[in-house]
Amino acid sequence: MSKYRIRPLQTGTIIVDKGAYVSRGIGLGIEVEIPGTCWYVTDGRHHIMVDTGMCHTELADWHHHGSRQDPGQAVHEQLHAMAVEPGDIELVIFTHLHWDHCHNLDKFTNARLVVSREELAFALDPIPPYYKSYEYHKLGKKAPFVGVDFETVSGEKEILPGLSLFPTPGHSPGHQAVAVETEKGVHVIAGDAVFAYENLKPASPHLPFTVPGRFADIIACWHSLEKIARRADVILPGHDMRVMDVDEYPA
């Protein structure tokens, strides 16, 4: 079976309220910087992206005031610096289609673009509280996924040997995580089902997790945390600066 290596890419910096986004109710009113993360995955033969990162500074600032993408941080620029071109990428898996996970996808002209069926349906027709997350046209925007030919999946699927998708709804209706076989066990790229390492710590004696602040369904969010914890040897959160302390996983 293929043994993959995973490289985290910070495609920008997002300013959020900690208690509203990272840890539900804990740290309300405290602004924190979180990375706009995506992931390059390879076994030496296959070249894969999980998500494609966030947008340029002007649009990022519209989403969350003060957010930015510094020069060289766009995903295609970072790949180029690694001697990988977007055209080399054969597969892009989207954990979900919020604005900070799916920009620049037009650069990946040779890739299969895989997203969950439930996520795409909601992204194309969200309820009003999620218009901004999906850059819905009624706000005068055009989301990068509009008009794109996706391959949709529903439920768990092994997409390549040693690389599986599995549903982790809650943060968004069709969110999915990616289980990656490595030399040091299964690394789960959790997307925003696990916002930060803090979510994996007990909130109280009877709560083994600290729920992320941003969710569409708290019950599904909780069950997804349980599912990821059972499945993973290593969990890679979607928005924790500490994942950038390691150049490549497994560490």
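The following exchange concerns a sheet, its covering helix and several aromatic contacts in a predicted model.

Colleague: On what basis were the features of this predicted model selected?

Modeller: Local features need pLDDT of at least 70 and side-chain atom pairs count only at pLDDT 80 or more, whereas totals for chains, interfaces and linings use all residues. Residues are numbered from 1 along each chain as its sequence is written, and side-chain values use heavy atoms, with hydrogens and water left out.

Colleague: What makes E7 and E8 a pair?

Modeller: Two strands pair if DSSP finds at least two bridges between them; strands are DSSP runs of E with at least two residues, and helices are runs of H or I with at least four, numbered from the N terminus. E7 and E8 (residues 163-167) share three bridges in the antiparallel sense, so the criterion of at least two bridges is met. Within this pairing, Lys-157 stands opposite Leu-165, and Leu-160 opposite Leu-163. The two strands form a hairpin with two residues between them, and Gly-162 in the turn has a positive phi of about 85°.

Colleague: Why are E7 and E11 said to stand at the edges?

Modeller: The open sheet has mixed pairing and the order E7-E8-E9-E10-E11. E7 (157-160) and E11 (234-236) each have a single partner strand, so one side of each lacks a neighbour in the sheet.

Colleague: Which strands does helix H5 lie across?

Modeller: H5 (residues 218-231) lies across E8, E9 (176-182), E10 (185-189) and E11, and runs at about 155° to E8. Such angles run from 0 to 180 degrees between N-to-C directions, with axes fitted to C-alpha atoms, for helices over the stretch in contact, that is, with heavy atoms within 4.5 Å.

Colleague: Why is the pair of Phe-122 and Tyr-134 called edge-to-face?

Modeller: Rings of Phe, Tyr and Trp (its six-membered ring) pair if their centres lie within 6.5 Å; planes under 30 degrees apart count as stacked, over 60 as edge-to-face and the rest as tilted. Phe-122 and Tyr-134 lie 5.6 Å apart, centre to centre, with 75° between the planes, so both conditions are satisfied. Phe-122 belongs to H4 (residues 117-124) and Tyr-134 to the loop between H4 and E6 (151-153), so the pair ties together parts twelve residues apart in sequence. Phe-122, Tyr-130, Tyr-134 and Phe-145 form one aromatic cluster.

Colleague: What makes Arg-231 a charge over the ring of Phe-166?

Modeller: The definition requires NZ of Lys or CZ of Arg within 6 Å of the ring centre and within 35 degrees of the ring normal. The charged end of Arg-231 sits over the ring of Phe-166, 4.3 Å from its centre.
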